[in-house]
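User: I'm new to protein structures and would love a close look at one small spot in this one. Could you start there and then walk me outwards through its surroundings and some other parts?

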Amino acid sequence: MKQNFSLCLIFNLLFVFVNAQNTNIGILPVRNYEKGEYKSGTQNWDIEQDKNGVVYFANNSGLLQFDGTYWAVFPISNKTNVRSVCIAEDGKIYVGAQGEFGYFYPRKNGTLEYHSLTYLVPEKHKGFTDIWDIEITEDGVFFKAGEAIFKLFGNILDTYVFDDNIIFLGKKDEKIFVQVGNESIWHYHNGDFQFFQQIEALKSPITSILQSGDNAYFTTLNHGIFHFNNNKWVRYKTSFDPFFFDSFVQYSACTLPNGKIAIGSPPNGLLIFDSEWNLEYKSDKQKGLQNNTVLSLESDKHGNLWLGLDNGIDYLEANSPITKIFPDKDFEGTGYTAQIHNNHLYLGTNNGLYFKKWAKHENPIDNNDFQLISSTEGQTWGLHAVNNKLFLGHHLGGFLIEENRARPLENGIGTWIFTPLNDSQILIGQYNGISLLEKNNGEWRYSQKLTGLEESSRILIREKNNTFWMAHPYRGIFKVSPNIKNGKAIFQFYDSQKGLPSNQFNHVFNIRNKAIFTGEYGIFEFDRDKDEFKPNKPLAAYFKENTRIKTLREDDFGNIWFAADDEVGVLKIDDKGLERSIEKMVFPELSQKLVENFEYIYPFDKEHVFFAAEKGFLLLNPEKYAEIDTSIQVIISEVLLFPFDSLIYANSNLNTQRGLQLEKTANNLLFKFSSPIFKTEKRVLYQTKLEGLDQNWLPWTNKTEREINNLSPGDFVFKVRAKNGFNVKSEIKTFNFSIAPPWYATRAVKMLLGFSFLGVLFSLLYFQKNRFENQKAALEFVHQKKEAEHNQVVLATKEKINKLETQNLEAKIKHNNKELALATMHLVQKNKMILRIQRELKKIIHNSNLNTATKSELRKLNNLLTQDQILDEEWNQFEIHFDQVHSNFLQKLRDKYPQLSSNDFRLCAYLRMNLATKEIAPLLNISVRGVEASRYRLRKKLNLPNDQNLNDFMMNI
């Protein structure tokens, strides 16, 4: 206890002459990994990170690997403690252990395989102890044991021994330096170790060689710092020298990318110095470390620190722009309000109001803890600096804060907020409405309760035109007009009928001396002409539609800080003359950290913005935040056969995986993937796609595994990508694999089956062809037979048709002949009638009793009835009709026998009509004998032989 008191006293005295700019107040985020989580040995002696971001630890149980999600341990051949690890450019991971050293290298499927190098060690040197240091240069890989140094170049191992014990091996500017004994420094030069320098002041083992910018240092266990100057190592005096020589034991050290230096110093924990060796930050168990024995240190590419502890592993976000503040220490109460006033920092929690002296940069070893201000125990609500006075709203009422003292403001009603009315009057928003605070004789005292408005008045602002607005989150908006003289708070109420989305979640904020309103969603301003609210489009343009804005706060530079749904950020406003640019900046680490419905932001200056959190407070440095690396990587950690968890692929620092052939039964796979981001707030989402199965990418999820079952044979490509809270996406990582078909679906079997199928097919085709030909011939025979039968039927039908047509034609001819015969008979009867008339006329003409004129008329009439003229006219008409019926019979007869007379033609026509002699006689006006005589004369003219029938001859013309 006495020693600790002395140490604290020295620390406080030391702060007087430390002129460094130390880190801001607060605790850097720390992620603790306990032994139970990484399931390996307790102690971690060395740390390395590969190009993919995967971290390796020299652990008591072997080589420990961590990719951000999954841990794996790889024992070495003799199962001893691994003391050192170093990764080469070719991907080999060199390790040193107790009596053993070698390297891990990925197999074809990416799983690490250990290769021992001790078989190259000469027999007389095989009894070496621990390999504590490994360094790689263009000269080879150097392994340091206490008894010898081994150098591997290719497959050749050289051994170097010294007269004294080898204490340390390190590298500066690609040159190897070795500490032999306490004071002797050697270096590797021209293929051998050569004496470099004797340092009488060096009384302690060297623990590390550091490169900070252009400067090189080495640290000692407990004998200070040495600087490389003028090609020599010389003591480097720092303000911390008394402690480097006494209290601080330096087990490990490393440099950060920004040139800062980190030292692990049991039992003091971790110390971070700037490049001039001024202490900036101190971390120990009280600030989140699991224990103070830091055995190893390694800075990652983001400037953060891995700490290998005596029991566990810690990850310190040394480059974090956000620190945590717990004014009530282990209580970690909920934060509600903050204020820097008169060089004091005040933080209000649900446990009371705490304060401490404010300094932008504190001495990390100075005891500047927060103190609770008496009488403020319990729930605090708001701190407000009004007229250079600091007021506190508290559950027990209002308080005036005067440094470390709180003076109550008498009425004892729960108080929210203090809003100035003028230099001597302040409106107080309380649980039951609005009250008045007045300054009398230089003292602020409670005056009166303004009647009229009885609502709880937590949110109360004043516009530049002396208009007061009060918002009730679950009622609506009130425009308040204080009437101090009458002690009233006259108000006008506005709700969803006046343009607000609803009566829920309504707030009002003073932005650039103008009231800005937010509701269940959207941002609004007040239209005085219409006496209603309208959307504020310029601000709303920076938020998604239907976003609920929970708080707005304008800083001294015109920037607008906000908390909206799950976003916390700032609208950075840059006025450039007539132009104004606005940039939205979001801080994913703050999402869901603020107190719901009591979101509080206090932007003190450009480097200090306080956020009241569910646990304590968060302090943000926006200037530093803009410099952080937002890039992201993703790796495929493992691929396992499920459910047997048989490992078929593991991530390595080499991209050796180019495809994997799996058996047909290996169609249930478990893919594990990760992003090597180690922050306490990772906020990483993953998206996967299996080409050959998925048509599209699956939705984003925080799951780091995907199980795929019952895959069919074929070729597949598993793809995965990640994105962080900044919506920055990683490159796509792929894993190619194929699932073999069953034996009957292999290529050889398929070819055999193919050929067999073709043979069978050809046989079937040949058989089918023959069968087809036979069937074709049979069908043709049947077809021909049926066609012949058909033709016969057609022919018979045609004959029947012709016969019927002939019969029909004959019937028509017969009919027409009958018609002609009737017509002819009619002519005969008519001629007979005419002849009788003529005979009677002749008798009358010969009658003497008639006068001459009458006889003359009768003679004229008789001439008209001349038989020959009538017969000729009627015959001509008969001839026309007869030829139409008998196919131009008379015309053909006339052409063939022009010697025939007109009576002969008449006789021929009657014969063609097949009229009997008795029927012909009256038509020719001759006797039957006369007809026979005419027939005889006709035969002579036609030169018909005696045996030929005249009627048949006529029918054949």
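Which residue just after α11 takes a positive phi, and of about what value?

Analyst: One thing before we start: this is a predicted model. The residue you want is Asn 925, which comes just after α11 and has a positive phi of about 60°.

Now step back into the helix itself. Within α11, the buried residues include Ile 920, Ala 921, Leu 923 and Leu 924. There's a general habit behind this kind of thing: in soluble globular proteins, nonpolar side chains tend to be buried together. Here, Ile 920 also turns up in the largest nonpolar core, a group of 26 residues. Along with Leu 900, Tyr 910, Leu 938, Leu 942 and Met 954, Ile 920 is among those with the most contacts inside that core. Several helices chip in: α8 (867-885), α9 (889-896), α10 (902-912), α11 (917-924), α12 (928-942) and α13 (950-956) each give the core at least two residues. The biggest share, six residues, is supplied by α10. Apart from this core there is another one, with 24 residues, among them Ile 648, Leu 711, Phe 716 and Phe 735.

Let's leave the helices and look at a strand. All six of the six residues in β60 (residues 669-674) are buried, so this strand is largely enclosed by the rest of the structure. It helps to know that in a regular strand the side chains alternate between the two faces of the sheet. In β60, one side carries Leu 669, Phe 671 and Phe 673, the other carries Leu 670, Lys 672 and Ser 674, and every one of these is buried. In other words, both faces of β60 are covered, and the buried set includes a lysine and a serine.

What does β60 pair with? One partner is β57 (residues 635-641), joined to β60 by six bridges in the antiparallel sense. If you want to find that pairing on screen, look for Leu 640, whose bridge partner in β60 is Leu 670. Another partner is β62 (residues 705-708), which pairs with β60 over four bridges, again antiparallel. There, Phe 671 has Arg 706 in β62 as its bridge partner.

Next, a whole sheet. The strands β2, β3, β4 and β5 form an open sheet in that order, with antiparallel pairing. Its edge strands are β2 (44-49) and β5 (71-74), each of which pairs on one side only. On average, and ignoring direction, neighbouring strands here are turned by 20° against each other. Zooming in on one edge, β4 (residues 62-66) and β5 run antiparallel and are joined by four bridges. One spot to click on is Gln 65, which has Ala 72 in β5 as its bridge partner.

Follow the chain on from β5 and you enter the loop that leads to β6 (82-87), where Thr 80 is found. Is Thr 80 buried or exposed? Its relative accessible area is 17%, and buried means under 20%, so Thr 80 counts as buried. The side chain of Thr 80 also makes a polar contact, at 2.8 Å, with the side chain of Asn 78.

Another open sheet has its four strands in the order β10-β11-β12-β13, paired antiparallel. The edges are β10 (131-137) and β13 (156-160); each has a single partner strand, so one side of each is left without a neighbour in the sheet. Inside this sheet, four bridges join β11 (residues 140-145) to β12 (residues 149-153). Phe 142 stands opposite Lys 151 in β12.

Last stop, the aromatic rings. Across the whole structure there are 77 aromatic pairs. In one of them, Phe 218 and Phe 226 have ring centres 4.9 Å apart and planes at 15°, so the pair is stacked. Both Phe 218 and Phe 226 are buried. Phe 526 and Phe 533 make an edge-to-face pair instead, with 5.3 Å from centre to centre and 65° between the planes. Those two residues, Phe 526 and Phe 533, are buried as well. Eight rings gather in one aromatic cluster: Tyr 33, Tyr 38, Phe 57, Phe 66, Trp 71, Trp 306, Tyr 315 and Phe 678.

Charges can sit over rings too. Arg 548 lies over the face of Phe 505, 4.1 Å from the ring centre, and the charged end of Lys 606 sits over the ring of Phe 557, 5.0 Å from its centre.

Technical notes:
Residues numbered from 1 in each chain as written. Predicted model: local features only at pLDDT ≥ 70, side-chain atom pairs only at ≥ 80, totals over all residues. Heavy atoms only, no water. Pairing = 2+ DSSP bridges. Core = buried A, V, L, I, M, F, W, Y, C linked by side-chain atoms within 4.5 Å. Buried < 20%, exposed > 50% of the residue type's maximum accessible area, 1.4 Å probe, protein only. Phe/Tyr/Trp six-rings, centres within 6.5 Å; stacked < 30°, edge-to-face > 60°. Lys NZ or Arg CZ within 6 Å of the ring centre and 35° of its normal. Axes fitted to C-alpha atoms, helices over the stretch in contact; angles between N-to-C directions. Polar contact = N/O pair within 3.5 Å; in protein donor to acceptor, adjacent residues only side chain to side chain.
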